[in-house]
Amino acid sequence: MEIQKQDNRDGRPKSFLFFMFIFLFGLAAFFLCLSAEFQKAKGKDLKWDGESCYLPENRAFGLGIAALVCVSVAQIVGNVVICRGFTKTDKTRTTIFCIILLLFSWVNFAVAVTLISVGASMNREQIYGKGWLNRECYLVKDGVFAASGFLSVTTMAAILGAFAFKVKPSLQVLKLKIRV
């Protein structure tokens with residue numbers, strides 16, 4: 001029995017590193033969103049002087065910004081890696097399925113980024129007389145950051161699914177030869 005390494009010059013063994021990079025950034029975005037859900041401003045933080053309101057900056061603002069960075073980096077890197085492979089292959093059912101997964105990931109990404117952005121900006125300092133919008137203070141509703149975390153996970157699942165379908169044919173790195 002002889003084991004030979006297959007010469008793979010198109011960079012496919014690096015695919016595991018990209019997969020882990022995307023996975024870890026997506027996981028970080030999820031946990032940052034969950035942390036922001038528990039750290040967001042609450043009604044007891046709101047101060048009212050009879051005419052205008054004040055809400056101090058909250059930790060959820062920074063957590064939301066960090067979640068935005070993580071989900072954005074994972075989305076962009078995942079799409080660049082996957083789309084790079086489209087130029088090398090013919091149109092097949094797998095390619096069409098990958099395109100559908102990528103479109104699904106972009107829709108989820110857009111909604112998640114919108115929710116995270118709005119939630120994070122509402123946790124920024126809302127000054128007396130300025131507020132968040134129209135001189136009024138706003139609080140993030142329960143579940144907004146949790147929903148955005150769920151959308152971040154589904155975004156990453158779609159990207160990783162498309163990624164897995166694109167690299168599936170090239171995962172054979174070792175070739176076994178049995179001589180009798």
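**Close-up views of the predicted model**

**View 1. Phe21, in this close-up, is partly exposed, with a relative accessible area of 31%.** The model is predicted. Phe21 is shown with Phe25, which also counts as partly exposed, at 25% relative accessibility. Both residues lie in helix α1, 4 residues apart, or about one turn of the helix. How many aromatic pairs does a search of the whole structure find? The search finds 3 aromatic pairs. In the pair formed by Phe21 and Phe25, the ring centres are 4.5 Å apart and the planes stand at 40°, so the pair is tilted. The angle falls in the tilted class because planes under 30 degrees apart count as stacked and planes over 60 as edge-to-face.

**View 2. Phe25 of the previous view, partly exposed at 25% relative accessibility, gives way here to the pair of Trp106 and Phe109, whose ring centres lie 5.3 Å apart.** The planes of these two rings are at 90°, so the pair is edge-to-face. Trp106 and Phe109 both belong to helix α3, which covers residues 93-122. They are 3 residues apart, which means a separation of about one helical turn. Is Trp106 buried or partly exposed? Trp106 is partly exposed, at 37% relative accessibility. Phe109, with a relative accessible area of 12%, is buried.

**View 3. Phe23, Leu24, Leu27 and Phe31 make up a nonpolar patch on the surface.** Together these side chains offer about 360 Å² of accessible area. One of the patch residues, Leu27, sits in helix α1, which runs over residues 15-39. Leu27 has a relative accessible area of 33% and is therefore partly exposed, since that class lies between buried, under 20%, and exposed, over 50%.

**View 4. Glu37, Lys40 and Asp142 are linked in a network of salt bridges.** The count for the model is 2 salt bridges. In one of them, the side chains of Lys40 and Glu37 meet at 2.7 Å, N to O. Lys40 and Glu37 are both buried, and the relative accessible area of Lys40 is 5%. In another, Lys40 meets the side chain of Asp142 at 2.8 Å, N to O. Asp142 lies in the loop between α3 and α4 (144-167) and Lys40 in the loop between α1 and β2 (47-48), so this pair ties together parts that are 102 residues apart in sequence. Is Asp142 buried or exposed? Asp142 is exposed, with a relative accessible area of 70%.

**View 5. Cys70 is shown with Cys33, which holds the closest cysteine sulfur.** A disulfide is a covalent bond between the sulfur atoms of two cysteines. How far is the sulfur of Cys70 from the closest cysteine sulfur? The sulfur of Cys70 is 9.2 Å from that of Cys33, which is too far for a bond, because a disulfide needs the two sulfur atoms within 2.5 Å. The count for the model comes to 0 disulfides. Cys70 is buried, with a relative accessible area of 11%. Another cysteine, Cys98, is also buried, at 0% relative accessibility.

Notes:
Residues numbered from 1 in each chain as written. Predicted model: local features only at pLDDT ≥ 70, side-chain atom pairs only at ≥ 80, totals over all residues. Heavy atoms only, no water. Patch = residues over 30% accessible without salt bridge, like charges linked within 9 Å, V, L, I, M, F, W, Y side chains within 5 Å. Areas by Shrake-Rupley, 256 points an atom, 1.4 Å probe, with all protein chains shown as cover. Salt bridge = Lys/Arg side-chain N within 4 Å of Asp/Glu carboxyl O. Helix = DSSP H or I, 4+ residues; strand = E, 2+ residues; numbered from the N terminus. Buried < 20%, exposed > 50% of the residue type's maximum accessible area, 1.4 Å probe, protein only. Phe/Tyr/Trp six-rings, centres within 6.5 Å; stacked < 30°, edge-to-face > 60°.
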